[in-house]
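Could you show me around this protein, one selection at a time? Keep your viewer open, and follow each stop in turn.

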Amino acid sequence: MKLLAIVGAGRSGTNLLAQTLAADGEHIKNLYENRYIWSYGQADRRCDVRGAEDATPRVQRYISAHFARRGERSKTAVLIDKTPSNALRIPFLAQVFPDVLVLNIIRDGRDNMVSRARQRDLARVHGARGGSLVGGTQLVARRILHLSRLMQRGNLPVDRLPVALFDSVSGLTRHALGKGPPPYGERVAGLAACLASEGPDAAAAFQWRETVVAAHRAGRALGPRQYLEIRFEDLMTDPQRTLATVFSFIGCKQHGGARAYLRDQLKTPRPPPRQRTDPARLAALERHLRPTLEHFGYVWET
């Protein structure tokens, strides 16, 4: 059994990529996100960063046993975990699973920021509706449904349920107090300060930059046998070549299902989100985004 960790800043296509690969056949199984498995034994959960030193024997045994059980049940050659915040803990992953394959998908930070903003706005709408008795009931119902789905998929074992319930109660309390939704996605060091001083757009850009840089540095340290970096844009514009590269990295032969699935998803192409956004809004984030974008070969323009 191989473990393929798909990582990347949230809203960068990790879910699409995992579903595409899993559509190729029974030899690949998508386990979705396992955030409550990877956070086992983590005392401070205000930040998602974990290093190799955090993989104590007790933590390694717990996480290894979880994925071993999932592997025995699925009986597939490759198991996919697509927890985006694992981009901040690649050394930790490699300590738990020395042979882990890490696939990092990078998306243009401007599009990523806009996509995060939409998620934030959607959460704010739900939160506003939650101000009424009916709306609050709906918020609770949605959260219960989410936790139920995690348990059905095997991503939330019973012993981790108290932690998940605590997270849910914390989020619902924020809504009830009118504080709005917490920042969407990876919990990077300094995010709260950036949010407080510069606002949500800058915080989203800060999240993207810190996550992308951390994954790039740690992934390259693993070497090309265990680490592959692809662009979301290449997956959209040249799916055949991109998928060929990915399957070669995994060491699996393609059976056509992945190409067919992605082709179906791309039947209605849409322009990048930033093309539907006020250029001045993006220009204000230049200092957060431009150096990293240009490092990865993107051209700065708003």
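Two residues are said to be in contact when heavy atoms of theirs lie within 4.5 Å. Keep in mind on this tour that the model is a predicted one.

**Stop 1: two helices that meet**

Select α1, residues 14–22, and then add helix α12, residues 257–265. At what angle do the axes of α1 and α12 cross? They cross at roughly 140 degrees, and they come within 7 Å of each other. Angles over 145 degrees would count as roughly antiparallel, so α1 is oblique to α12.

Now show the side chains where these helices touch. On the α1 side, pick Leu16, Gln19, Thr20 and Leu21. Their partners in α12 are Ala258, Tyr261, Leu262 and Gln265. Sorted by class, the contact of α1 with α12 has five nonpolar residues, three polar ones and no charged ones.

**Stop 2: the loop before α1**

Step back to the loop that joins β1 (2–7) to α1 (14–22), and click on Arg11 there. Arg11 is not a glycine, yet its phi is positive, at about 70 degrees. Is Arg11 buried, exposed or partly exposed? Its relative accessible area is 31%, and since partly exposed residues fall between the 20% and 50% cut-offs, Arg11 counts as partly exposed.

**Stop 3: a second loop**

Next, select Tyr32, in the loop between β2 (28–30) and α2 (35–38). Tyr32 also has a positive phi, near 60 degrees, in a residue other than glycine. With a relative accessibility of 25%, Tyr32 is partly exposed.

**Stop 4: Asp81 and its neighbours**

From Tyr32, move to Asp81, which touches Tyr32. Asp81 belongs to strand β3, residues 78–81. How much relative accessible area does Asp81 have? The value is 0%, so Asp81 is buried. Leaving out residues up to four places away in sequence, the contacts of Asp81 include Leu3, Leu4, Ala5 and Ile6, as well as Asn34, Trp38, Phe67 and Asn86.

**Stop 5: Leu103 in its strand**

Select strand β4, residues 101–106, and pick out Leu103. Leu103 has a relative accessible area of 0% and is therefore buried. Which residues does Leu103 touch, not counting those up to four places away in sequence? Among them are Leu4, Ala5, Ile6 and Val7, along with Leu17 and Leu21. Leu228, Ile230 and Val246 are also on the list.

Then add Gly8 to the view. Leu103 and Gly8 are 95 residues apart along the chain, and their C-alpha atoms are separated by 8.4 Å.

**Stop 6: helices α6 and α7**

Go to helix α6, residues 133–153, and select Gln152. Gln152 is exposed, with 64% relative accessible area. Measure from Gln152 to Arg107, C-alpha to C-alpha: the two are 30 Å apart in space and 45 residues apart in sequence.

In helix α7, residues 161–176, select Ser168. Ser168 is buried, at 6% relative accessibility. Setting aside residues up to four places away in sequence, Ser168 touches Arg143 and Leu147.

**Stop 7: the cysteines**

Colour the cysteines. How many disulfides does the structure hold? It holds zero. A disulfide is a covalent bond between the sulfur atoms of two cysteines. Zoom in on Cys47, which is in no disulfide: the nearest cysteine sulfur belongs to Cys194 and is 14 Å away. Cys47 is buried, at 18% relative accessibility. Cys252 is buried as well, with a relative accessible area of 16%.

**Stop 8: a helix with two faces**

Finish at helix α14, residues 286–295, and select His288, Leu289, Thr292 and Leu293, which are buried. Look down the axis of α14: these buried residues fall within an arc of 105 degrees, so they line one face of the helix. An α-helix has 3.6 residues a turn, so residues three or four places apart point the same way.

Turn to the face of α14 that points away from the buried side, and you will find the exposed residues Arg287, Pro291 and His295. From Arg287 back to Asp81, the C-alpha distance is 33 Å, across 206 residues of sequence. Just after α14 comes a last selection, Gly297, with a positive phi of about 90 degrees.

Methods. Residues are numbered from 1 along each chain as its sequence is written. This is a predicted model: local features need pLDDT of at least 70, side-chain atom pairs count only at pLDDT 80 or more; totals for chains, interfaces and linings use all residues. Side-chain values use heavy atoms; hydrogens and water are left out. Helices (H or I, at least four residues) and strands (E, at least two) are DSSP runs, numbered from the N terminus. Buried means under 20% relative accessible area, exposed over 50%, partly exposed in between (1.4 Å probe, protein chains only). Axes are lines fitted to C-alpha atoms, for helices over the stretch in contact, and angles run from 0 to 180 degrees between N-to-C directions. Angles under 35 degrees count as roughly parallel, over 145 as roughly antiparallel, 65 to 115 as roughly perpendicular and the rest as oblique. Ala, Val, Leu, Ile, Met, Phe, Trp, Tyr, Cys and Pro count as nonpolar, Asp, Glu, Lys and Arg as charged, and the others, Gly among them, as polar. The arc is that of the directions from the helix axis to the C-beta atoms. A disulfide is a pair of cysteine sulfur atoms within 2.5 Å.
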